[in-house]
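Student: I should like a close look at one part of this model, treated in a single connected account. Please begin from one residue and work outward from there.

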Amino acid sequence: MTATVDRGQATPTVVHGSPAFEGANIRTWIGFKHFMYLVEHAVLRWLRDNGAGVRELYSEYGLGLEITDCSVQLPAVLEIDDEVRAEVVRGRGNRLTVQLSVARDGARTTVLRGKVTVALVRERTANGHRRPPKSLADFTVDELAVPGHEHRRIPRGQTATSVLATGPAAFLWSWRAPYFYCHYSERVQHSGFVRTLEEVVDRYLADRGISVGRMLAERSWIPVVSRARVRLLDAAYMEETVHTVFTVTDILRGVMFDGRMDCYVQRGDELVAVATAQILHGYAIAAGPGAGGLAELDDGVVSALLGSGS
């Protein structure tokens, strides 16, 4: 599923851009999803600099780009009007290293550090298949699947819901994979699962009685993300039902919560894991005493997050 980056190219790819207006949901700060979109954009430019762009790879070589793993740390906020400098270089092993920075007070401030893994999948829907450019040949794979990833059997008399929605801490949301989350005419792309992570957290918090809107209105708490990772494990196809489970796994230092997302599709009597993600989430105080700092999670909020109360 992954491939080794060609180490013959030493010059980093540098891309300049800015976040989309869509990402400014709370005041003028940009949400984590759009940080990851900027990373994706920079990786596409890295491909062009190292052999071929996405259109050429598909139409000339029969290969479809997949970001299979993207892990990011977000040490500083990103504002809607920021001009972002993205730098992509070869990472260790099979990854690319990405850094996003902005100009603040006459210096560069890093707003993202990330690791990205890509694969070039031989596409069934492509018109032809040629040998790819030498610089990208090691990225090619026959299918999008991690060897040994989880398959869960559905016992007779049970359903996907009864197997996955176990215990008060587990929140299950099932959704139909729309074509606009897909690419290459068939499967859900990495950014589709980034969107899913954002939405399942929102649904989880609302289900627990601590929705984003309520916390903003009652406490002036603004959601912040300091770390996120989304990995593809297998292909999820257009219009399949994706069963998504979210669980808060830990409370850190009384100010952050660590969450995990797992996505499955049912094939026969098995649930096939297609994606997994982790996210480290907290709240910034927007107004009043403590403004600008991290909110301390009181017992009521912790109870709600862990599924033991609301």
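Student: Does Gly-282 count as buried or exposed, and what is its relative accessibility?

Tutor: Gly-282 counts as buried because its relative accessibility is 0%; the cut-offs are under 20% relative accessible area for buried, over 50% for exposed and partly exposed in between, with a 1.4 Å probe and protein chains only. The model is predicted, so local features need pLDDT of at least 70 and side-chain atom pairs pLDDT 80 or more, while totals for chains, interfaces and linings use all residues. Residues are numbered from 1 along each chain as its sequence is written, and side-chain values use heavy atoms, without hydrogens or water.

Gly-282 belongs to strand β14; helices (H or I, at least four residues) and strands (E, at least two) are DSSP runs, numbered from the N terminus. Setting aside residues up to four places away in sequence, Gly-282 touches Ile-222, Pro-223, Val-224, Val-255 and Met-256, where contact means heavy atoms within 4.5 Å. Leu-297 lies 15 residues from Gly-282 in sequence, and their C-alpha atoms are 8.6 Å apart in space.

From this strand the account passes to the largest pocket, whose volume is about 820 Å³. A pocket is an open set of points on a 1 Å grid over the protein atoms alone, where a 1.4 Å probe fits and protein lies on both sides within 12 Å along at least five of seven lines; lining residues have an atom within 4 Å of a point. Volume is the space filled by probe spheres on points joined across faces, edges and corners. There are 34 lining residues, and those closest to the centre of the pocket are Gly-31, Phe-32, Pro-223, Val-224 and Val-225. Pro-223 and Val-224 are thus among the residues closest to that centre, and both are also touched by Gly-282. At least two lining residues come from each of α1 (32-49), α4 (190-207), β11 (221-232) and β14 (270-285).

Helix α1, one of these contributors, also holds His-34. His-34 is buried because its relative accessible area is 5%. Beyond four places in sequence, His-34 touches Ala-20, Glu-22 and Gly-23. Helix α2 (residues 54-61) contains Val-54, which is partly exposed, with a relative accessible area of 25%. Apart from neighbours within four places in sequence, Val-54 is in contact with Leu-44, Leu-47, Leu-65 and Tyr-184. By contrast, the C-alpha atoms of Val-54 and Pro-75 are separated by 30 Å, with their positions 21 residues apart along the chain.

Helix α4, another contributor to the lining, leads to the aromatic residues. The model has 11 aromatic pairs; rings of Phe, Tyr and Trp (its six-membered ring) pair if their centres lie within 6.5 Å, with planes under 30 degrees apart counted as stacked, over 60 as edge-to-face and the rest as tilted. Trp-175 and Phe-193 make an edge-to-face pair, 6.4 Å from centre to centre and with 70° between the planes. This pair links distant parts of the chain, since Trp-175 stands in strand β8 (residues 171-176) and Phe-193 in helix α4, 18 residues apart. Both Trp-175 and Phe-193 are buried. Tyr-179 and Phe-180 are also paired edge-to-face, at 5.4 Å centre to centre and 80° between the planes. Tyr-179 counts as exposed because its relative accessibility is 60%. These four residues, together with Trp-173 and Tyr-181, form one aromatic cluster.

Ser-185 stands in the loop between β9 (182-183) and β10 (187-188). Although Ser-185 is not a glycine, its phi is positive, near 70°. Ser-185 counts as exposed because its relative accessibility is 57%. Asp-105 offers another case of positive phi outside glycine, at about 55°. Asp-105 lies in the loop between β4 and β5 (107-122), and it counts as exposed because its relative accessibility is 84%.

Ser-101 sits in strand β4 (residues 96-104), and it counts as buried because its relative accessibility is 6%. Apart from residues up to four places away in sequence, Ser-101 touches Glu-83, Val-84, Arg-85, Arg-108, Thr-109, Thr-110 and Val-111.
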